[in-house]
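Welcome to a short set of exercises on reading a protein structure. Take a look at the model, try each task yourself, and then follow the solution step by step.

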Amino acid sequence: MSDVFEVGFLILFAAVPAALLRPRLGAAAVAVGLALVGAVGIATAGAWSHASLSIGSWLGFGPAALVSDQLAGIFFAVVGVAGAAVSLALVERRPGRVATALHALLALAVVTVIGASQGFLFLLAWEVVTLSLYLLAGLNRERPGTLLAAYFSGAMNKLGGGALLAAFALFYAHTGSFELNAWAAAAPHLSSGTRSAVFVLLLIGFGTKVGLLPFQGPLPLGYAATPGAIAAMASLALNAGFYGLWRVVYGVLGADVLWQGELVLMLGAVGGLVGILYAIAQDEIKRFLGFSSVEHAGIVLLGFGVAIVGRASGEPKLAAAGLLAATLQLIMHALGKALAFLGADRVDVSTGTDDLTPLGGVGRLLPRTATGFGVAVATLAALPPFAGFVSEWFTFEALLQAFRLDDTLARLLLALGAALLALTAGLALLAFAKLYGTVFLGRGRSLLSRVHEPSGAALGFLGLALLTASLGVLAPWEIRWLGHGLEGLLGFDLAGTTVTGGTRLVLGPVFENFSVLAPTWLAVALPAYALATLFLVWILARPRTRRAPAWTSGAQLAPARVQYTPAAYSNPIRVVLRPAYGYRRDLQPLETTGRSIERYALDTRVVPAFEHYLYLPIASLALRASNQARRLQSGRLSWYLLYTLVVLLIVLALVPALRS
Amino acid sequence: MTSAPLSSDHAQRFLEGRFRGSIEALPGAATALRLPLGTIDRAASLLTDEGARFVSVFVAELPERSLVAAFAFRGRIVALRAPLKDDAAAYPALSLHLDAARLAERELHDRKGLTPLGHPDLEPALHPDPDDVRLRVVDPEAFVIPYGPIRSGIFEAIQHVVETGGEDILQLETRPYFKYRGLESRFDGLVAEQGSALAERIAGIASVAHASAFSQAVETALGIEAPPRAQLWRVVHAELERVANHLDVAMKLAEDAALSVGVARFGILKEDVLRLRARLCGSRFGRGVVVPGGLASEPRLAVDDVQDWTARFERDLFSDRRLLLGTSSFTDRLIGSGRLDRETVERLGGVGPVARAAGISTDARFERPYGAYRRLGFDVVTADDGDAMARLDVRFGEIRESLHLCRQALDRLLDLGETTTRVEVPADESAAFGWAEAPQGELVYWVELSGGRIQQAHIASPSLHNWPLFVASFQSDVLTDFSFIEHSFGLTPAGADR
Amino acid sequence: MLAWILRGLGKGVVTSRYPHRPEPELEGFRARIEVTNSENAGAELEAICPTGAIRVEAGRVSLDRGACILCGACIEVAPERFRFSSAYETADRRRAGLVVGEVVERTLEEVRLPLAAQARPLRRSVHIRHVDAGSDGSEEWEIAALTNPYYDMQRLGLYFTLSPRHADVLLVTGGVTSAMRAPLERAYEVMPEPKAVVAAGTDACSGGLAATGGEIAGGVDRVLPVDVYVPGSPPSPLALLHGLLLAAGIVVEEAAA
């Protein structure tokens, strides 16, 4: 397996310059490389083999290697398989040179993060991820808002990178090495203060990548700005952050303090709710998907928090339940979100717009896109028997184990988390119904006469759709595979108690005799019921069909005018939750004849709370501080001479002190 | 509008002092002011500034063909009468200064071809096209929901065009006249009793009020008066009709709030009232009772029986009312919905329980008492909030007052010796206003008679006055409040459209 | 809620048992006008009726109930020929069936029993959509009264529905004004087969008083094919129930065909 691993990495490495010369070749190379890496990941996580690629010490700070052990294998598999499909879809899109090169660079950097065995390589690859995301966001400079998105995401990721650097520096200071294994060995011996500091720094560092509250701001903006299908790759880059949490926080640091788990739990629960609330209010597809990523990241962190709480309370099965739920959720999200972004790109190319308001009734004209997007929506909205339903079920089951804990606060917070998750799940149904319904269903709100599927066989798109659709059915095998993959972190194979039943197709939440779910059987039973009902109706009723126009109270108005618009669909939520949204609407008179007003213009505003109350104040503070600091560079020679003199005096004073 | 009522010579002096034109006496509590056509809008504006309320504008044939604008002013009907020459096709629009006159002028334009110059909104009113909706909000986020003309429920046909942003209501346009049957023209050539039968069928749920107003107009024009027995029975029938209408409003509001038990109980009460009326006169809606000159038939129940029934009914009703108003899930929907303020109601000339709930004490039985109301005592029920809850409170108060009036009338009937219920109707030539307080508000008829037959009639319907008030009552309400506000108004499109 | 329940129990059962048991006629209620003596009539009788419901042909007088607004003018002028009757089962499936001379009416039992058979338990339920095409407002009250506890039409399997797409019976009131013509036709078109149309009220049967004005079509049958005519101004709830059960019979028969 190591040679396959090596070949895969080499192809990815070569894809970056190849993409500059011939973009389609470069994208195809990325697809192949990621597929190989993904295959290695599947094999490794299932504990069938092991792979590693040594880089040597030329980076400095000790020997570096790219290793695929069980945990890394899971993430290699996810990023590899999904990334391969995304790159395959990119091949058909005729992308630009720079965009494809950045896409290849991003792919290479993400897999390097996952495979890094040494802290410095990890940080280097992390910064390359940041750089490529920043460059990708700023690619279409002419579009308004792009530069803001690029700066914002760049700044936030730099903040995260800085926190990671500080955390790694703390590790280095205590161990003198950059090897992750060395840190894992030394971690139990660190003082609790150091461990807490490292935990917070690592949480900030990885949280900025995945969209943890309150760092979620740039995520939707970045996705909206990233061009076309490459946004799908950007959403896969999220998994680098999750890997960091799994590997460094849970594995290396070994987080096992109760307050740490509770913090992550609450941030995840509230973040999920905030994400979906703002998603409902969005009228552009990619921004919607960005806020939905915030929501799903929140649910993943909810499970992760339960895992930490479980470990801190000495309940290894609870930790396993939480970690399993979180991993299932992130796998589902990676595949489903990538599929959704590919679908959004196809809609954008076919209709020329990303905005929901003029779209409608496109499903008949774009059947393949509608099917694939439908699979993505069903998965992300947690409809049975798809994978999203399975992972959310596991998350709920993990939260329901709160009664096994002794600490009252922990039980309360788990219950609260479950309640917030339920609310989030309900709102997610509403949000995704709005997305799918207003784009693909109903009647068109504007004339879309020349809408047709983008050219190409859509292999990547449909392949990813097929995989995502069957992920729920494949859940038992997926869990058995994850059991091996997470064994290193948990210390035991959770598949033993999770996958039960005579046919080994029934799932339980790690604890025995608690509850069961059988998505494989569901996937058989639900269609069977539907078909049986249709058959009965056809046999017994023999319906004849006659077409009649839609009923609108006796008046025959143009169907497009009496349909719910996307903003109107989410309007009731905005009106009911007016304080949360800061929703305001004004009617401005446009034309007046005599004493009666003929026409009005509508102005609705939603106040994005985090931008308004958190980011903008901090940004203006930073700008003010930097403006003050700029005064240091006065341009006058006399001042610079004075600086030199002061520094010289300080050095002269300090060196003897340091010597002794 | 709490100024002192005018007696006829006071009226003469008051009007002569302020307006250029000659005063003409009209039968009953009405005065006409003859003035040139070109000054009618200014005169109307001045009169409104003095506190008059717009009633209607129409074309009268007697004593000569003229444009008449009728106002209710300090206890009298003041009619501004401008003679129309044969080729007169236009006149200065009253709506330029009077928002209350917009609908009436549009209808007049469609029916008689007189153009109101300067009307801010002159669109064809009669024969509306359900598909031709005029949309006002220019924004891709807003869309339109047409409520009607076929409504969701057993309701009369009217179209409300709601422009909404999804839940909040941005603009509302109410389009009446879907039920325009041209019944006003049908009066031409009928004899007096037939006119009563026609009046009853203009607004079927306010039959007694329409027949009373019509008979009042005929009797006033011909200088006769119905005998006291007939007047007292007319009061009983009119008040029973008011009770039935208000119970219908309570029932519809309970249905909107999905309070099925409230719907059932108020349905029983309303059915009890209708069955009593059927036993009294053979018609559940009190038809065939009120004719010019008195009553068309003898009541079929003894006064004692009706009094017993009234006592039992009042007990049942007030128990149910207490339970209904104690259900907070019901009252919460009404409080704060569809709030109307006093200025808007006065500006648009609102009448009836809707106006009374906004704090305006206007009631035709009180301002220009007619029939037996001149000798019976009752209170005009008002409220201050102007929202749907206030309108319901006013209605329950009016039910109490109606039953009180019934009891007084029945007591007097017991003591009354004579037995005549009808007098002869002479065949003179005359014209007059007649009015009644219908359950929806003040209803005014103008009837012209000649040679024992009706020449023409005009009706000022309270429901038509109050539709603009309905549109104005939507401040910050949302779609789910819509049916509550509509039913709290309790208007009848059949009466408005005629 | 308990207070409501106790009050309801105290009231007892008030629901009519029609059509399984005969409902006693309300004495004096003006349900319809009957011709008691149709022989030797003069043509001057025709001028009495404001809607022209009285016809004299070859010395025989007949009354068209579909145009009779129950104003009672004919009874006042010629009480020996006409009188009010409180028999409430006035509906008929044919328009001509509403024209009566001195015809021996079917007895109550003859009409009631077939209808009772129709309203047996476990029969198919019938959904009714009401459309107001220009009525005077009282028919709507009588139709809405069918759901109150006195009549409770739901015990017979009759329901009101808001969408014509779910309706079997179209219940039309009013003589079809020009503005309501197109909406009414659309409502009919959107209903699935089998369907029946009931014209409720004299205005719907013939246009009533407004028929001569030119503003209305003159009855629902000028616009749609009518299956059951229910005359009356307005028809009482029991008459409506009778008419709706006739329509329900039509719908069920058609469906079985």
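## Exercise 1: Where two chains meet

In the contact between chain B and chain C, 48 residues come from chain B and 50 residues from chain C. Keep in mind that this is a predicted model.

**Task.** Find which element gives the most to the side of chain B that touches chain C, and how the residues of that side divide into nonpolar, polar and charged.

**Solution.**
1. Start with the elements of chain B that give two or more residues to this side: α4 (183-186), α5 (192-200), α8 (260-281) and α9 (303-325).
2. Now pick out the top contributor, which is α8(B) with seven residues.
3. Finally, sort the residues of this side by kind: 24 are nonpolar, 13 polar and 11 charged.

## Exercise 2: A three-stranded sheet

**Task.** Work out which strands of the open sheet in chain B stand at the edges.

**Solution.**
1. Write down the strand order, β9-β10-β11 of chain B, with antiparallel pairing.
2. Look for strands with a single partner: these are β9 (143-147) and β11 (169-175) of chain B, so each of them has one side without a neighbour in the sheet.
3. Check the twist: on average, neighbouring strands of this sheet are turned by 20° against each other, direction ignored.
4. Zoom in on one pair. Five bridges link β9(B) with β10 (residues 159-164) of chain B in the antiparallel sense, and B:Pro146 stands opposite B:Val161 in β10(B).

## Exercise 3: A hairpin

**Task.** Describe how β14(B) and β15(B) are joined, and say how many residues of β14(B) are buried.

**Solution.**
1. Strand β14 of chain B covers residues 430-438, and eight of its nine residues are buried.
2. Its partner is β15 (residues 441-450) of chain B; the two run antiparallel and share nine bridges.
3. One bridge pairs B:Glu437 with B:Glu442 in β15(B).
4. Two residues lie between β14(B) and β15(B), and the strands form a hairpin.

## Exercise 4: Inside the core

**Task.** Which residues of the largest nonpolar core touch the most other members?

**Solution.**
1. Recall a general tendency: in soluble globular proteins, nonpolar side chains tend to be buried together.
2. In this model, the largest nonpolar core has 229 residues, and those touching the most other members are B:Tyr445, B:Val447, C:Val172, C:Val198 and C:Ala199.
3. Helix α7 (residues 228-256) of chain B gives the most to this core, with 15 residues.
4. A second, separate core holds 213 residues, including A:Phe341 and A:Leu471.
5. Back in the largest core, take C:Ala199 as an example: among the residues that C:Ala199 touches are C:Val172, C:Cys205 and C:Tyr229.

Technical notes. Residues numbered from 1 in each chain as written. Chains lettered and ligands numbered in written order. Predicted model: local features only at pLDDT ≥ 70, side-chain atom pairs only at ≥ 80, totals over all residues. Core = buried A, V, L, I, M, F, W, Y, C linked by C-beta atoms within 7 Å. Buried ≥ 20, exposed ≤ 12 C-beta atoms within 10 Å, placed from the backbone. Helix = DSSP H or I, 4+ residues; strand = E, 2+ residues; numbered from the N terminus. Contact = placed C-beta atoms within 7 Å. Pairing = 2+ DSSP bridges. Axes fitted to C-alpha atoms, helices over the stretch in contact; angles between N-to-C directions. Nonpolar A, V, L, I, M, F, W, Y, C, P; charged D, E, K, R; others polar. Lists of a residue's contacts leave out its neighbours within four places in sequence.
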